[in-house]
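User: Could you take a close look at one part of this model for me? I'd like a connected walk through it rather than a list.

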Amino acid sequence: MSSSSFQHRLERELQDMRDDSGEATTASSRSIASRQLLSEDYEPDHLDILCGTAGNLHSYPRCGNRSFGKLVRRSLRKHSRDDTAPNVIRVTEDILRMLYDRRYRFLKKDNDKQPWYVLNNSDAFDRVRHTVAAVFTRSTQSRVVRQNRRFQQAIDGSQKQSLSSQYYS
(Lines give C-alpha, C1' and ligand atoms only; values in the text may rest on other atoms or scores of the structure.)
Protein backbone atom coordinates (compact mmCIF):
# COMPACT_ATOMS: atom_id res chain seq x y z
CA MET A 1 0.00 0.00 0.00
CA SER A 2 1.38 3.37 -0.94
CA SER A 3 2.09 5.94 1.71
CA SER A 4 -0.35 8.48 0.27
CA SER A 5 -3.27 6.01 0.25
CA PHE A 6 -2.41 5.03 3.81
CA GLN A 7 -2.36 8.72 4.84
CA HIS A 8 -5.68 9.28 3.08
CA ARG A 9 -7.28 6.29 4.82
CA LEU A 10 -5.91 7.42 8.21
CA GLU A 11 -7.23 10.96 7.67
CA ARG A 12 -10.66 9.58 6.76
CA GLU A 13 -10.75 7.32 9.83
CA LEU A 14 -9.65 10.15 12.14
CA GLN A 15 -12.42 12.34 10.72
CA ASP A 16 -14.94 9.54 11.22
CA MET A 17 -13.82 9.19 14.84
CA ARG A 18 -14.31 12.92 15.36
CA ASP A 19 -17.77 12.73 13.76
CA ASP A 20 -18.80 9.70 15.82
CA SER A 21 -17.21 10.86 19.08
CA GLY A 22 -20.58 10.69 20.83
CA GLU A 23 -20.87 6.96 20.24
CA ALA A 24 -19.07 4.94 22.89
CA THR A 25 -17.38 1.75 21.72
CA THR A 26 -15.55 -0.79 23.78
CA ALA A 27 -13.14 -3.56 22.93
CA SER A 28 -15.67 -6.14 24.13
CA SER A 29 -18.30 -4.81 21.74
CA ARG A 30 -16.05 -5.28 18.70
CA SER A 31 -16.02 -8.51 16.81
CA ILE A 32 -13.12 -10.84 17.51
CA ALA A 33 -13.28 -11.93 13.87
CA SER A 34 -12.34 -8.41 12.75
CA ARG A 35 -9.01 -8.54 14.60
CA GLN A 36 -5.78 -8.93 12.69
CA LEU A 37 -4.29 -11.86 14.62
CA LEU A 38 -0.56 -12.51 14.51
CA SER A 39 0.97 -15.96 14.56
CA GLU A 40 1.05 -17.90 17.83
CA ASP A 41 4.85 -17.69 18.06
CA TYR A 42 5.14 -13.98 17.13
CA GLU A 43 7.62 -12.04 19.26
CA PRO A 44 7.05 -8.25 19.38
CA ASP A 45 9.88 -6.11 18.06
CA HIS A 46 10.98 -2.46 18.28
CA LEU A 47 8.15 -1.24 16.04
CA ASP A 48 5.43 -2.78 18.22
CA ILE A 49 3.75 -0.76 20.97
CA LEU A 50 2.30 -3.25 23.42
CA CYS A 51 -1.01 -2.59 25.15
CA GLY A 52 -2.88 -4.31 27.94
CA THR A 53 -1.71 -6.34 30.90
CA ALA A 54 -2.12 -9.92 29.70
CA GLY A 55 1.08 -10.10 27.66
CA ASN A 56 3.54 -9.61 30.56
CA LEU A 57 4.81 -6.48 28.85
CA HIS A 58 8.01 -6.22 30.90
CA SER A 59 9.34 -9.40 29.32
CA TYR A 60 9.61 -7.59 25.97
CA PRO A 61 12.42 -5.04 26.41
CA ARG A 62 12.83 -4.50 22.66
CA CYS A 63 9.27 -3.32 22.07
CA GLY A 64 8.47 0.25 20.99
CA ASN A 65 6.83 1.43 24.24
CA ARG A 66 9.85 3.50 25.32
CA SER A 67 10.02 5.24 21.95
CA PHE A 68 6.28 5.83 22.16
CA GLY A 69 6.63 7.46 25.61
CA LYS A 70 9.48 9.68 24.42
CA LEU A 71 7.49 10.75 21.38
CA VAL A 72 4.47 11.65 23.54
CA ARG A 73 6.59 13.73 25.93
CA ARG A 74 8.35 15.52 23.04
CA SER A 75 5.07 16.25 21.30
CA LEU A 76 3.53 17.63 24.48
CA ARG A 77 6.51 19.93 25.02
CA LYS A 78 6.17 21.14 21.44
CA HIS A 79 2.39 21.65 21.63
CA SER A 80 2.09 23.12 25.13
CA ARG A 81 3.71 26.54 25.25
CA ASP A 82 3.27 29.15 27.95
CA ASP A 83 1.70 26.69 30.41
CA THR A 84 -1.43 26.33 28.29
CA ALA A 85 -3.11 22.98 27.91
CA PRO A 86 -2.56 21.53 24.44
CA ASN A 87 -5.40 20.43 22.21
CA VAL A 88 -5.39 16.73 23.13
CA ILE A 89 -7.13 15.62 19.95
CA ARG A 90 -4.66 17.46 17.71
CA VAL A 91 -1.66 16.15 19.68
CA THR A 92 -3.09 12.63 19.52
CA GLU A 93 -3.62 12.83 15.76
CA ASP A 94 -0.10 14.19 15.23
CA ILE A 95 1.46 11.42 17.33
CA LEU A 96 -0.59 8.73 15.60
CA ARG A 97 0.46 10.04 12.17
CA MET A 98 4.14 10.08 13.19
CA LEU A 99 3.91 6.53 14.55
CA TYR A 100 2.15 5.17 11.47
CA ASP A 101 4.58 7.01 9.16
CA ARG A 102 7.41 5.22 10.98
CA ARG A 103 5.55 1.89 10.61
CA TYR A 104 4.80 1.40 14.30
CA ARG A 105 1.73 -0.59 15.27
CA PHE A 106 -0.21 -1.23 18.46
CA LEU A 107 -0.48 -4.83 19.64
CA LYS A 108 -2.59 -6.34 22.37
CA LYS A 109 -3.04 -9.73 23.94
CA ASP A 110 -6.26 -10.51 25.82
CA ASN A 111 -4.66 -13.32 27.80
CA ASP A 112 -1.49 -15.38 27.73
CA LYS A 113 -3.14 -18.21 25.81
CA GLN A 114 -4.21 -16.04 22.86
CA PRO A 115 -1.95 -14.58 20.16
CA TRP A 116 -1.10 -10.92 19.81
CA TYR A 117 -3.41 -8.90 17.59
CA VAL A 118 -3.11 -5.49 15.93
CA LEU A 119 -5.37 -2.79 17.35
CA ASN A 120 -7.57 -1.01 14.84
CA ASN A 121 -7.07 2.74 14.30
CA SER A 122 -9.88 3.70 16.67
CA ASP A 123 -8.42 1.67 19.55
CA ALA A 124 -4.92 2.97 18.77
CA PHE A 125 -6.28 6.53 18.81
CA ASP A 126 -7.84 5.87 22.25
CA ARG A 127 -4.56 4.42 23.53
CA VAL A 128 -2.58 7.46 22.37
CA ARG A 129 -5.21 9.90 23.70
CA HIS A 130 -5.18 8.30 27.15
CA THR A 131 -1.38 8.32 27.21
CA VAL A 132 -1.25 11.99 26.16
CA ALA A 133 -3.72 12.91 28.91
CA ALA A 134 -1.83 10.91 31.55
CA VAL A 135 1.58 12.33 30.59
CA PHE A 136 0.20 15.87 30.51
CA THR A 137 -1.37 15.41 33.97
CA ARG A 138 1.85 13.98 35.41
CA SER A 139 3.99 16.74 33.90
CA THR A 140 1.60 19.42 35.16
CA GLN A 141 1.60 17.92 38.65
CA SER A 142 5.38 17.66 38.74
CA ARG A 143 5.67 21.26 37.52
CA VAL A 144 3.41 22.43 40.37
CA VAL A 145 5.45 20.40 42.87
CA ARG A 146 8.70 21.96 41.57
CA GLN A 147 7.21 25.46 41.79
CA ASN A 148 6.03 24.82 45.34
CA ARG A 149 9.44 23.43 46.30
CA ARG A 150 11.22 26.51 44.87
CA PHE A 151 8.78 28.80 46.65
CA GLN A 152 9.36 26.95 49.93
CA GLN A 153 13.13 27.09 49.45
CA ALA A 154 12.92 30.83 48.79
CA ILE A 155 10.90 31.29 51.97
CA ASP A 156 13.28 29.11 53.97
CA GLY A 157 16.27 30.97 52.53
CA SER A 158 14.85 34.38 53.36
CA GLN A 159 13.97 33.21 56.87
CA LYS A 160 17.49 31.86 57.41
CA GLN A 161 18.97 35.08 56.06
CA SER A 162 16.83 37.23 58.37
CA LEU A 163 17.66 35.01 61.36
CA SER A 164 21.38 35.14 60.64
CA SER A 165 21.25 38.92 60.26
CA GLN A 166 19.50 39.20 63.65
CA TYR A 167 22.20 37.16 65.43
CA TYR A 168 25.22 38.59 63.67
CA SER A 169 24.19 42.26 63.58
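Analyst: Sure, let's start at Arg103. This is a predicted model, and in it Arg103 is partly exposed, because its relative accessible area is 48%. Arg103 sits in the loop that runs between α3 and β3 (105–108). Its backbone is worth a look too: phi of Arg103 is near 70°, a positive value in a residue other than glycine. For context, most residues other than glycine have a negative phi.

What does this stretch touch? Leu47 is in contact with Arg102, Arg103, Tyr104 and Arg105, leaving aside residues up to four places away in sequence. Leu47 belongs to another loop, the one between β1 (36–37) and β2 (48–51). Like Arg103, Leu47 falls in the partly exposed class; the relative accessible area of Leu47 is 23%, and the cut-off for buried is under 20%. Leu47 also gives a handle on the helix side of the picture: Leu47 and Leu99 are 52 residues apart in sequence, yet their C-alpha atoms are 9.0 Å apart in space.

Leu99 leads us on to the helix pair, since it is one of the α3 residues in contact with α2. Two packed helices are described by the angle between their axes and the distance between the axes. Here the axes of α2 (residues 65–79) and α3 (residues 88–101) come within 10 Å and cross at roughly 135°. That angle makes α2 oblique to α3, because only angles over 145 degrees count as roughly antiparallel. The crossing of the two is right-handed. On the α2 side, the contact is made by Phe68, Leu71, Val72, Ser75, Leu76 and His79, and on the α3 side by Arg90, Val91, Asp94, Ile95, Met98 and Leu99. Sorted by class, that contact has 8 nonpolar, 2 polar and 2 charged residues; Arg90 and Asp94, both from α3, are the charged ones.

Now zoom out to see where this part fits. The protein has 4 helices and 4 strands, arranged along the sequence as α-β-β-α-α-β-β-α. Among contacts between residues at least 6 apart in sequence, 68% join residues at least 24 apart, and the Leu47 contact with Arg103 is one between two loops. Of the 169 residues, 30% count as buried. As for the surface, the accessible area of the protein comes to about 11,400 Å², with 50% of it belonging to carbon and sulfur atoms.

Technical notes:
Residues are numbered from 1 along each chain as its sequence is written. This is a predicted model: local features need pLDDT of at least 70, side-chain atom pairs count only at pLDDT 80 or more; totals for chains, interfaces and linings use all residues. Side-chain values use heavy atoms; hydrogens and water are left out. Axes are lines fitted to C-alpha atoms, for helices over the stretch in contact, and angles run from 0 to 180 degrees between N-to-C directions. Angles under 35 degrees count as roughly parallel, over 145 as roughly antiparallel, 65 to 115 as roughly perpendicular and the rest as oblique. A crossing is left-handed if the near helix is turned anticlockwise from the far one by less than a right angle, and right-handed if clockwise. Contact means heavy atoms within 4.5 Å. Buried means under 20% relative accessible area, exposed over 50%, partly exposed in between (1.4 Å probe, protein chains only). Accessible areas come from the Shrake-Rupley method with a 1.4 Å probe; for residues, only the protein chains shown count as cover.
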